[in-house]
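Please open the model in your viewer and keep the selection panel at hand. The stops below follow one another, each beginning with something to select.

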Amino acid sequence: MADSAATEVPAAAAAAPAATAKSPKKPKAAAGPKKPKQPAAHPPVNEMLLAAVKALNERNGSSLQAIKKYVAANYKADVTKLATFLKKALKTAVANGKLVQTKGTGASGSFKLSAAAKKP
């Protein structure tokens with residue numbers, strides 16, 4: 001029995017290197033001249049966000065859903081693609097003091113312009 005176990009181990013060890021041998025990499029095809037990246041057809045997300053909150057001017061603040069609806073109606077922008085950027089912009093605007101969060105936490109709840117942002 002000990003002899004049969006000893007003969008199996010070298011066979012398994014010999015099979016392992018053959019399985020890990022890498023195939024040669026294929027060279028990548030040369031890419032043609034790339035088109036220059038076109039600028040976005042809408043202003044930066046932070047500007048759209050502040051404009052939306054200012055235009056909506058709700059007493060208890062504007063929700064993320066209302067802000068998205070405003071952006072979709074007034075700018076040539078895909079709100080589903082901008083969703084993460086809108087959330088991030090809301091959080092940073094609250095942290096910077098440009099917006100005040102009246103309800104909720106994070107990107108949920110309602111947002112108003114801060115007193116400092118209304119003055120200039």
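Begin by selecting α4 (79-96) in this predicted model, and colour its buried residues, which are Val79, Leu82, Ala83, Leu86, Ala89, Leu90 and Ala93. As a guide to reading such a list, an α-helix has 3.6 residues a turn, so residues three or four places apart point the same way. If you then display what covers these buried residues of α4, you will find that the cover includes α2, α3, β2 (99-103) and β3.

Stay with α4 and centre the view on Phe85, where the helix bends by about 30 degrees. Following the chain onward, select Gly97, which lies just after α4 and takes a positive phi of about 90 degrees.

Next, select the largest nonpolar core, a set of 18 residues in which Val45, Leu49, Ile67, Val71, Leu86, Leu90 and Leu99 have the most contacts. At least two residues of this core are supplied by each of α2 (45-56), α3 (64-74), α4 and β3 (110-113), and the largest share, six residues, comes from α4. In soluble globular proteins, nonpolar side chains tend to be buried together.

From that core, pick out Val71 and show its neighbours: leaving aside residues up to four places away in sequence, Val71 touches Met48, Ala77 and Val79; of these, Val79 has already appeared among the buried residues of α4.

Now turn to the strands and ask in which order they lie in the sheet. The sheet is open and has three strands in the order β1-β3-β2, with antiparallel pairing; β1 and β2 are its edge strands, each pairing on one side only. With the sheet still selected, add α2, which packs on the sheet and touches β1, β2 and β3, its direction making about 90 degrees with that of β3. Then bring back α4, which also packs on the sheet, here touching β2 and β3, with its direction at about 105 degrees to that of β2.

To follow the pairing residue by residue, select β1 (residues 62-63) together with β3, which pair in the antiparallel sense over two bridges; Ser62 stands opposite Phe111 in β3. Then replace β1 with β2, which is joined to β3 by four bridges, the two strands running antiparallel. Here Gln101 stands opposite Phe111, and Leu99 has Leu113 as its bridge partner in β3. Between the strands of this β2 and β3 hairpin lie six residues, and in the hairpin Gly104 takes a positive phi near 80 degrees.

Move next to Asn57, in the loop between α2 and β1. Although Asn57 is not a glycine, its phi is positive, at about 45 degrees. Is Asn57 buried or exposed? With a relative accessible area of 61%, Asn57 is exposed.

For the last stop, select Tyr70 and Tyr75 and display their rings. A pair of aromatic rings is described by the distance of the centres and the angle of the planes. The count of aromatic pairs comes to one: the rings of Tyr70 and Tyr75 have their centres 6.5 Å apart and their planes at 70 degrees, so the pair is edge-to-face, the cut-off for that arrangement being over 60 degrees.

Technical notes
Residues are numbered from 1 along each chain as its sequence is written. Side-chain values use heavy atoms; hydrogens and water are left out. Rings of Phe, Tyr and Trp (its six-membered ring) pair if their centres lie within 6.5 Å; planes under 30 degrees apart count as stacked, over 60 as edge-to-face and the rest as tilted. A nonpolar core is a set of buried Ala, Val, Leu, Ile, Met, Phe, Trp, Tyr and Cys residues joined through side-chain atoms within 4.5 Å. Buried means under 20% relative accessible area, exposed over 50%, partly exposed in between (1.4 Å probe, protein chains only). Contact means heavy atoms within 4.5 Å. The bend at a residue is the angle between axes fitted to the seven residues ending there and the seven starting there. Two strands pair if DSSP finds at least two bridges between them. Axes are lines fitted to C-alpha atoms, for helices over the stretch in contact, and angles run from 0 to 180 degrees between N-to-C directions.
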